[in-house]
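Colleague: I would like a close look at a single part of this model, the place where its helices pack. Please walk me through the contacts one at a time.

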Amino acid sequence: MPRAAILTFDECYASSVGGFADILQVANSHLRRQQGTAAAQFEWRFVSSSGNPIVASNGLQLQTHKLEPSERYDLVFIPSLHYGGQGQFDQILDRLADTSDWLVAQWRAGAWIAANCTGTFILAQTGLLDGRTVTTTWWLERQFRAKYPKVDLQIRSVITESDRLVCAGASASYLLQAIRIIERFSGPAIASQTAKSLLIDVSQTSQVPYLPLLAERAHSDSPRGTCAALAPEQHDQGIADLRACGRARDQ
């Protein structure tokens, strides 16, 4: 029975925290239907450094369990966190530095670690990503490279996997990331059924259609500044490019 720890902290995205657990729950439904109640279903727990309630970036409060050094998990999920500017972001990363030893210990004991979007920065500061090929959210490429020069950053990929370390691009990619994790623990059939149940398009494997938007960001490092700089026709072209990539993969 795979045990998952979903790491939580103030300013995390509630969508990726709760959404990841929701997808595991749907996978459990398919596991029970296919294999019965004796199936190896996912268990999960929302954990934090203090064990106190955390407040997500949208104001949602979540009860958590305290990280215990002696407790071992099969999977750790690091969600994305809100980027409110470089200064605020760095302060959050500094506050989360105390999770590094715990994350390293979990990985060394055999756990898979999945980091989503800005959560990849939390994983990178452990040193576990040094020398490994990883991805992160496309619009923070420059900041990631500057902070973690020893990491082989390949921004084109939505998902990367190396030695039980699974990184994902911009926030909504937790959907694809969860399906990848389910495939690794429960097999491709259960993963496929889960994806189809939730209308998760697993063919979306590239961030390439969005990379040209980096050139539009002249004065802001925030996604709000990026979107404001885009003309409607540029947004439409990005959607058209994404559809073209999907058609090319289907041929």
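Modeller: Start with the handedness of one pair: helix H6 crosses helix H7 in a right-handed sense. Keep in mind throughout that this is a predicted model. H6 covers residues 174-186, and its axis comes within 7 Å of the H7 axis. The two axes cross at roughly 150°. Roughly antiparallel means an angle over 145 degrees, so H6 runs roughly antiparallel to H7.

Now the residues. From H6, the contact uses Ile179, Ile182, Glu183 and Ser186. H7 answers with Pro188, Ile190, Ala191, Thr194 and Ala195. By type, this contact holds 6 nonpolar residues, 2 polar and 1 charged.

H7 has another partner, helix H1. H1 spans residues 14-35 and H7 spans residues 188-197. Their axes lie 9 Å apart, at an angle of about 125°. H1 and H7 are therefore oblique to each other. This crossing, too, is right-handed. On the H1 side, the contact residues are Ile23, Val26, Ala27, His30, Leu31, Gln34 and Gln35. On the H7 side, they are Ile190, Gln193, Thr194 and Ser197. The contact of H1 with H7 counts 5 nonpolar and 6 polar residues, with no charged ones.

Two H7 residues serve both contacts. Ile190 meets H1 and also takes part in the contact with H6. Thr194 is listed with H1 and again with H6.

Next, H1 itself. It has 22 residues and reaches 31 Å from first C-alpha to last. That is close to the 32 Å expected at 1.5 Å a residue. Its buried residues include Ala14, Ser16, Val17, Gly19 and Phe20. Among the H1 residues that meet H7, Ile23, Ala27, His30 and Leu31 are buried. Just past the end of H1, Gly36 has a positive phi of about 85°.

H1 also has a neighbour in a strand. Trp44 sits in strand S2, residues 43-48. From H1, Trp44 touches Ala21, Leu24, Gln25 and Asn28, among its contacts beyond four places in sequence. Of these, Ala21, Leu24 and Asn28 are buried. Trp44 itself is partly exposed, at a relative accessible area of 28%. Its contacts also include Ala4 and Ile6. Ala4 is 40 residues from Trp44 in sequence, yet their C-alpha atoms are 4.4 Å apart.

Note on methods:
Residues are numbered from 1 along each chain as its sequence is written. This is a predicted model: local features need pLDDT of at least 70, side-chain atom pairs count only at pLDDT 80 or more; totals for chains, interfaces and linings use all residues. Side-chain values use heavy atoms; hydrogens and water are left out. Axes are lines fitted to C-alpha atoms, for helices over the stretch in contact, and angles run from 0 to 180 degrees between N-to-C directions. Helices (H or I, at least four residues) and strands (E, at least two) are DSSP runs, numbered from the N terminus. Angles under 35 degrees count as roughly parallel, over 145 as roughly antiparallel, 65 to 115 as roughly perpendicular and the rest as oblique. A crossing is left-handed if the near helix is turned anticlockwise from the far one by less than a right angle, and right-handed if clockwise. Contact means heavy atoms within 4.5 Å. Ala, Val, Leu, Ile, Met, Phe, Trp, Tyr, Cys and Pro count as nonpolar, Asp, Glu, Lys and Arg as charged, and the others, Gly among them, as polar. The expected span of a helix is 1.5 Å times one less than its number of residues. Buried means under 20% relative accessible area, exposed over 50%, partly exposed in between (1.4 Å probe, protein chains only).
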